[in-house]
Amino acid sequence: MFKKTGLIFFCFALASTGWSQSDSTLLSMLDEEPGKVEYEQATFKATRIINSQSIENVYKGVLDFRIAHRFGSVNGGGYTLFGLDQASMKINLDYGITKRIAIGFGRSNVEKTYDVFLKMKILRQTTTHRMPISLSIVSGTSMNTLKWTDPSRNNYLTSRLSYFHQILIARKFNKSFSLQIMPTLVHYNLIANNKLETNDHYFLGVGFRQKISKRVSINFEYTYSFNQPKNQTLYNSLSVGFDLETGGHVFQLHFTNSSKMHERGFLAETSESWLKGGIHFGFNISRVFTIKSYN
Amino acid sequence: MQKIKFKHHRINIQYVVVLFFALLFTSLALAPQKEQAKVDDSLVTFTSKAPLETIFATSKNLNGILDTTKRDFLFRINMGTFSGFKSPLQKEHFEENYLEIDKYRFASFTGKIIEETSFKADGDYEVRGKGLFNLHGVSQEKIIKCMVNVKNGVYTVTSTFNLKLNDYKILIPHLVQQKIAEEINVSISVKIK
């Protein structure tokens, strides 16, 4: 064993003698910081795949202003101009506090919902095989601020709240294809006093993007619900769309069966089906502003 | 138990002897290479001056070797090491959309100094480097003028030159043509010893 090691070492010494004499290869003499780790970037173009959070965070010191619309369902036909007559809207402000932590605030006109979230990068995929995936966690709260249906009752603020917790696991397989899976928990503080309903809802989401050119990609997203309440007609959320990138803007155009844009809404309250024509056209527009420059 | 210990000791000596020879050979091999000087310190800056926007970034990660007797050189830079962009998104676009660094991480310049200078005496030399400039996976023949200052075996090289993006197949979409210059100004300052 030791003899072998010695022999190998000896060979190495001889080899290095021969190698350094062939000085035509100046290139091999450059040691390019062997220990340096480089992280994959731009696994997705925007911080949302379509409705769901993507593994991307807003950069540190950058404010991302997002406007999203979901129009009415296309099965309204020509009378509603395929749903364009009405829209649900959401405005979002996301900010990157550190390289790994981003926060967001949003307001949606559906049930006059306010929501906040915190997103944290735990693992980052490297360009080498050292770390094959990226992993983030997202937690958020949303509050519907509709007037109480029964004001005479003793109503609590906490009854308006619901929460979501999500683990995002993503991998950029190559320049154009990225995949993400996302186990999710949605918790309602208040539900109807009914044995068919539960406070906790479990989901597994999957999303991907496939670039079709440098600045255009096709996005897909689907969420499977493990315990859909049986007393309501609810469907799993399915969305397909495009990302178009132009400098500081990202335009996301898509078709989805969810008209709600906050997590609780599209995960647990999607009440329309693709098969029955309950498809909504929608878009997200994202514009980033550098508030504080760190580079 | 005692016996095994003794055996180990003997093999270690053998190992040390091999190591000694190995080191001797390696040092012998490296000895005649003193005229190959390596980049010690560097500053590379590029500027794109377009009607609507000036983009500017720097890197301190130029790597390279200069053979002062053969007058051969090789310089290489990791294009992912630039910083100083106006926003992180600009850096992302630079790396992903324009330089495509996942495919072409390095830019390099390899070649020979045209002037037959030995750089033996301290002082300033104006020389031209002729060789292949590789950027974005495209190699172009290029002659770059530099000033070389020699002092106590330390070479300080400074140079500015222009690069046409079109020559290196870096395509600028119509939409941002007012924001990115067709010709990029590069200035470098390198300490080689």
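**Notes on a predicted two-chain model**

1. Let me start with a pairing in chain B that is easy to find on screen: B:Thr47 has B:Phe56, in strand 2 of chain B, as its bridge partner. This pair belongs to a ladder of six bridges that joins strand 1 of chain B to strand 2 (residues 54–59) in the antiparallel sense. The two strands make a hairpin, with four residues between them. As general background, strands of a sheet pair through backbone hydrogen bonds, either parallel or antiparallel.

2. Please keep in mind that this is a predicted model. It scores ipTM 0.73 and pTM 0.77. Chain B has an average pLDDT of 86, and 83% of its residues score at least 70. Confidence varies along that chain: among its elements, strand 9 (residues 183–192) has the highest mean pLDDT, 95, while helix 1 (residues 2–30) has the lowest, 60.

3. Now to chain A, whose secondary structure comes to two helices and twelve strands. Along the sequence, the order is α-β-β-β-β-β-β-β-β-β-β-β-α-β. The twelve strands form a closed barrel, running 1-2-3-4-5-6-7-8-9-10-11-12 with antiparallel pairing. On average, neighbouring strands of this sheet are turned by 20 degrees against each other, direction ignored.

4. Which residue is the bridge partner of A:Phe255 in strand 12 of chain A? The partner is A:Phe281. The two strands concerned, strand 11 (residues 249–256) and strand 12 of chain A, pair in the antiparallel sense over eight bridges.

5. A:Arg66 deserves a look. This residue sits in strand 1 (residues 62–73) of chain A, and A:Arg66 counts as buried because 23 C-beta neighbours lie inside 10 Å, where 20 or more are needed. Beyond its neighbours within four places in sequence, A:Arg66 is in contact with A:Asn92, A:Asp94, A:Asn284, A:Ile285 and A:Ser286. One of these, A:Ser286, is 220 residues away in sequence, yet the C-alpha atoms of A:Arg66 and A:Ser286 are 4.5 Å apart.

6. For chain A overall, residues 24 or more positions apart make up 57% of the contacts with a separation of 6 or more. Of its 295 residues, 33% count as buried.

7. Two loop residues in chain A have backbone angles you may want to check. Most residues other than glycine have a negative phi. A:Phe82, however, has a positive phi, near 55 degrees, and lies in the loop between strand 1 and strand 2 (87–96) of chain A. A:Glu111 also has a positive phi near 55 degrees; its place is the loop between strand 3 (101–108) and strand 4 (113–123) of chain A. A:Phe82 is partly exposed because it has 17 C-beta neighbours inside 10 Å, and A:Glu111 is partly exposed because 17 other C-beta atoms lie within 10 Å.

8. Helix 2 (residues 88–98) of chain B brings the two chains together in this note. B:Pro88, B:Leu89, B:His93 and B:Phe94 are buried in this helix. What covers the buried residues of helix 2 includes strand 1 and strand 12 (280–290) of chain A.

9. Is B:Asn97, which lies in helix 2 of chain B, buried or partly exposed? B:Asn97 is partly exposed, because 17 other C-beta atoms lie within 10 Å. B:Asn97 and B:Lys120 are 23 residues apart in sequence, and their C-alpha atoms are 45 Å apart in space. Just after helix 2, B:Glu100 takes a positive phi of about 50 degrees.

10. Finally, the nonpolar cores. The largest has 22 residues, and those touching the most other members are B:Leu62, B:Leu66, B:Phe73, B:Phe75, B:Leu135, B:Val190 and B:Ile192. Elements of chain B that each give two or more residues to this core include strand 1 (36–49), strand 3 (62–67), strand 6 (123–135) and strand 9. Its largest share, four residues, comes from strand 4 of chain B. A second, separate core has eleven residues, among them A:Ile49, A:Phe117, A:Val138 and A:Leu168.

11. For a closer view of one member of the largest core, try B:Val190. Not counting residues up to four places away in sequence, B:Val190 touches B:Val39, B:Ser42, B:Leu62 and B:Val157.

Methods. Residues numbered from 1 in each chain as written. Chains lettered and ligands numbered in written order. Predicted model: local features only at pLDDT ≥ 70, side-chain atom pairs only at ≥ 80, totals over all residues. pLDDT = per-residue confidence, 0-100. Buried ≥ 20, exposed ≤ 12 C-beta atoms within 10 Å, placed from the backbone. Contact = placed C-beta atoms within 7 Å. Core = buried A, V, L, I, M, F, W, Y, C linked by C-beta atoms within 7 Å. Pairing = 2+ DSSP bridges. Axes fitted to C-alpha atoms, helices over the stretch in contact; angles between N-to-C directions.
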